Amino acid sequence: MIVGLGWSIKYYIVAMVSKYMNVCSHPSISIVPFFQGAVSRTSFTCMIRFRIGYAILAGLKVVKHLKKGTRVTNDVESC
């Protein structure tokens, strides 16, 4: 039952990552029970690729959002 729970958790994580990101290759998942002791080992290897233009635009949006947030909190404090 514990091995089945491990499979469920790992595949749930892979499904969530695949939902929000472009996954180019299928992940390799293996769960091997070790009956002589309580051992859990997980390894994760990835390669991230992004475009610098998208990173700059995202940074500008974050800065714009933070400026709006500070303006709103200053108005509330002055009341």
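Which helix does Ile9 lie in? Select Ile9 in your viewer and you will land in helix H1, which covers residues 2-20. Keep in mind as you look around that this is a predicted model.

**The whole chain**

Zoom out for a moment. You should find two helices and zero strands. Now colour the chain by accessibility, if your viewer can do that: of its 79 residues, 1% count as buried. The accessible surface adds up to about 8200 Å², and carbon and sulfur atoms hold 65% of that.

**Back to Ile9**

Return to Ile9 and show its side chain. Is this residue buried or partly exposed? Ile9 counts as partly exposed because its relative accessibility is 46%, a value between the 20% and 50% cut-offs. Next, add Leu5, Tyr12, Ile13, Val17, Tyr20, Met21 and Val23 to your selection; together with Ile9, they form a nonpolar patch on the surface. The accessible area of this patch is about 860 Å².

**The largest pocket**

Your next stop is the largest pocket, which holds about 1700 Å³ of space. Select Val14, Ser28, Ile29, Ser43 and Phe44: among the 36 lining residues, these are the closest to the pocket's centre. What is the lining made of? There are 22 nonpolar residues, eleven polar and three charged.

**The loop and Ser40**

Finally, click on Ser40, in the loop between H1 and helix H2 (52-78). Ser40 has 71% relative accessibility, so this residue counts as exposed. Now select Gly6 too and draw a line between the two C-alpha atoms: Ser40 and Gly6 are 9.6 Å apart in space, with their positions 34 residues apart in sequence numbering.

Definitions and conventions. Residues are numbered from 1 along each chain as its sequence is written. This is a predicted model: local features need pLDDT of at least 70, side-chain atom pairs count only at pLDDT 80 or more; totals for chains, interfaces and linings use all residues. Side-chain values use heavy atoms; hydrogens and water are left out. Helices (H or I, at least four residues) and strands (E, at least two) are DSSP runs, numbered from the N terminus. Buried means under 20% relative accessible area, exposed over 50%, partly exposed in between (1.4 Å probe, protein chains only). Accessible areas come from the Shrake-Rupley method with a 1.4 Å probe; for residues, only the protein chains shown count as cover. Patches are made of residues with over 30% relative accessible area and no salt bridge: like charges are joined within 9 Å, nonpolar side chains (Val, Leu, Ile, Met, Phe, Trp, Tyr) within 5 Å. A salt bridge is a side-chain nitrogen of Lys or Arg within 4 Å of a carboxyl oxygen of Asp or Glu. On a 1 Å grid over the protein atoms alone, a cavity is a set of points where a 1.4 Å probe fits but cannot get out, and a pocket is an open set with protein on both sides within 12 Å along at least five of seven lines; lining residues have an atom within 4 Å of a point. Grid points are joined across faces, edges and corners, and a volume is the space filled by probe spheres set on the points. Ala, Val, Leu, Ile, Met, Phe, Trp, Tyr, Cys and Pro count as nonpolar, Asp, Glu, Lys and Arg as charged, and the others, Gly among them, as polar.
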